[in-house]
Amino acid sequence: MRASINNSDVTERQLVTFRLGEDEFGTDIMDVKEIIRVPVITKVPNAPVYVEGACNLRGNILPIIDGRTKFSLERKEKDENSRVLVIDVEGTATGIIVDKVSEVMRVATSEIEEAPQIVKNIDSDFLDGVVKLDNGQRLVMLLDVVKALIVNNTDKEQQNGHDESVKNNSTPVSEAEDKSIDEEQLVTFQLDQEEYAIEIMMVKEIIRVPQMVKVPNCEAYIEGVLSLRDDLLPIINLRTYFGMGHTEINDRSRILVVDMGNFTAGIMVDKVSEVLRIPKNSIQPSLKFSAQSGEQLKGIAKLSNGKRMIFILEPSKIISADIRDQIIANDDIFEQNADGLYSERQMLDEEQLVTFKIDEEEYGIKIDNVQEINRMTEVTKIPNGPYYIEGIVNLRGNIIPALDLRRLFKLSEKKLTDATRIIIADFNGKRTGIIVDSVSEVLRFEKKLIEVPTEILSSGVDSDYIEGVGKLDDGKRMILILDIGKVLSFI
């Protein structure tokens, strides 16, 4: 139990003292679990301005508050004196960054005076009192840091730009299905320097950013509307939605066509990273910094012993069906701009590939032939098997062969790494795992950029395995498109 100045049985208090700006504060040592240097911090979308982000602390997600911003002081760069106090806030560890930790001291309760009504920069509700030391020349303000770090209704009221009705659009999950599957398969993507993901079952497809029709008088985060298979899709710019800085659309920008619960929308992101399968026990519940961040984050995946964190989004909480209906309600806008809409005809003139690397060369497999993409799993060797067959793998109870593409292409051996993936390909009902060095992205580009392969390719790969060469970025990037039928013909 925390010490209190109102407890007549307590004659002294043990404090950890620290500085924020020119002021010195103290907090009960029983509330401080530990003191650490400022770690690498991952930003959290839609969190209050004083939330610095989150970090990994020995396998657990630790939310981090910037103490200066929390108490209305000017932000400053962290330096070698900056520290994080790890505080127990209602059973959850929370970090607060302070300029400097001074010392651990004991003070008699008789030396503690009531906090003045007005104290510079600090809400008096968070103060337990003031300690006068050195004949009053040194003042230490006693901070109820637990109370200060609790997210309250005021924080929620400060969030804006999104409709309250998004809270009612959750998609129920089958309890039996949840128990029977102990893994989650995600499509991961980048926004700024952070990594996000959406469950693969909610992602219908991934497309390049086309020309869109702008919609007047709607939310700033609505980039526009496009037509996909006779369905009008609102496009959400996720950078704008999360209040990130503007960036120009480039060759890596993508739109994820996502099931939002009871309608479909497009989510524009900086770059699609990979299709990833992770254990469900590596996902922690989302951080409850605010109403918005708690609603839109389904959880946080911790990978590579916590060095890699992925924010898993809940699409159904981003916009409501009512907002979607408002966006596409004006038929006149779309009739006048029909030429600007992305059409099914354009879809037929494009190729969608899962791209990956072997050595320095980039390859692609048509997405229709890709069932899933997994991290490298345990492979059982087959005695006297073909040289290009690594062995067999168990895919949720189904035994499938694992083909080593490097061996098939007669390239040098390479040790498996964290980037190694096994692509589960399906051709004419026959499933095979294809081992590759790394997966790049899911890519869509115009078929007119595909050329017939030359007799001799720079990679030295037998041209019989290649059905085309995609030339992107004015020929600076070449993707060798595999004829999956011929690749798997030996299986």
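**Exercises on strands and a cavity**

Strand β6 (residues 83–89) and strand β7 (residues 92–98) pair in the antiparallel sense over 7 bridges, where pairing requires that DSSP finds at least two bridges between two strands and a strand is a DSSP run of E of at least two residues, numbered from the N terminus. The model is predicted, with local features needing pLDDT of at least 70 and side-chain atom pairs counting only at pLDDT 80 or more, while totals for chains, interfaces and linings use all residues. Residues are numbered from 1 along each chain as its sequence is written, and side-chain values use heavy atoms, with hydrogens and water left out.

**Exercise 1.** Place β6 and β7 in their sheet, and state which strands stand at its edges.

*Solution.* Begin with the register of the pair, in which V86 stands opposite G95 in β7. Next, read the order of the open sheet, which is β3-β6-β7-β5-β4, with mixed pairing among the 5 strands. The edges are then β3 (32–37) and β4 (51–57), and because each has a single partner strand, one side of each is left without a neighbour in the sheet.

**Exercise 2.** Determine how strand β13 (residues 194–199) is enclosed, and which strands it pairs with.

*Solution.* First consider burial, defined as under 20% relative accessible area with a 1.4 Å probe and protein chains only. In β13, 6 of the 6 residues are buried, so the strand is largely enclosed by the rest of the structure. In a regular strand the side chains alternate between the two faces of the sheet. Here E194, Y196 and I198 lie on one side and E195, A197 and E199 on the other, and both faces are covered.

Then turn to the partners: strand β12 (residues 183–191) runs antiparallel to β13 and is joined to it by 6 bridges, with F189 opposite Y196. The hairpin of these two strands has 2 residues between them, and D192 takes a positive phi near 60 degrees. Strand β22 (residues 308–313) runs parallel to β13, with 2 bridges joining them, and I312 in β22 stands opposite A197.

**Exercise 3.** Describe the setting of N374 in strand β25 (residues 370–375).

*Solution.* Start from the accessible area of N374, which at a relative value of 8% makes this residue buried. Then examine its side chain, which makes a polar contact with the side chain of E372 at 3.0 Å; such a contact is a pair of N or O atoms within 3.5 Å, of which, within protein, one must be able to donate a hydrogen and the other to accept it, and residues adjacent in sequence count only if both atoms are side-chain atoms.

Note on methods
Helix = DSSP H or I, 4+ residues; strand = E, 2+ residues; numbered from the N terminus. Buried < 20%, exposed > 50% of the residue type's maximum accessible area, 1.4 Å probe, protein only.
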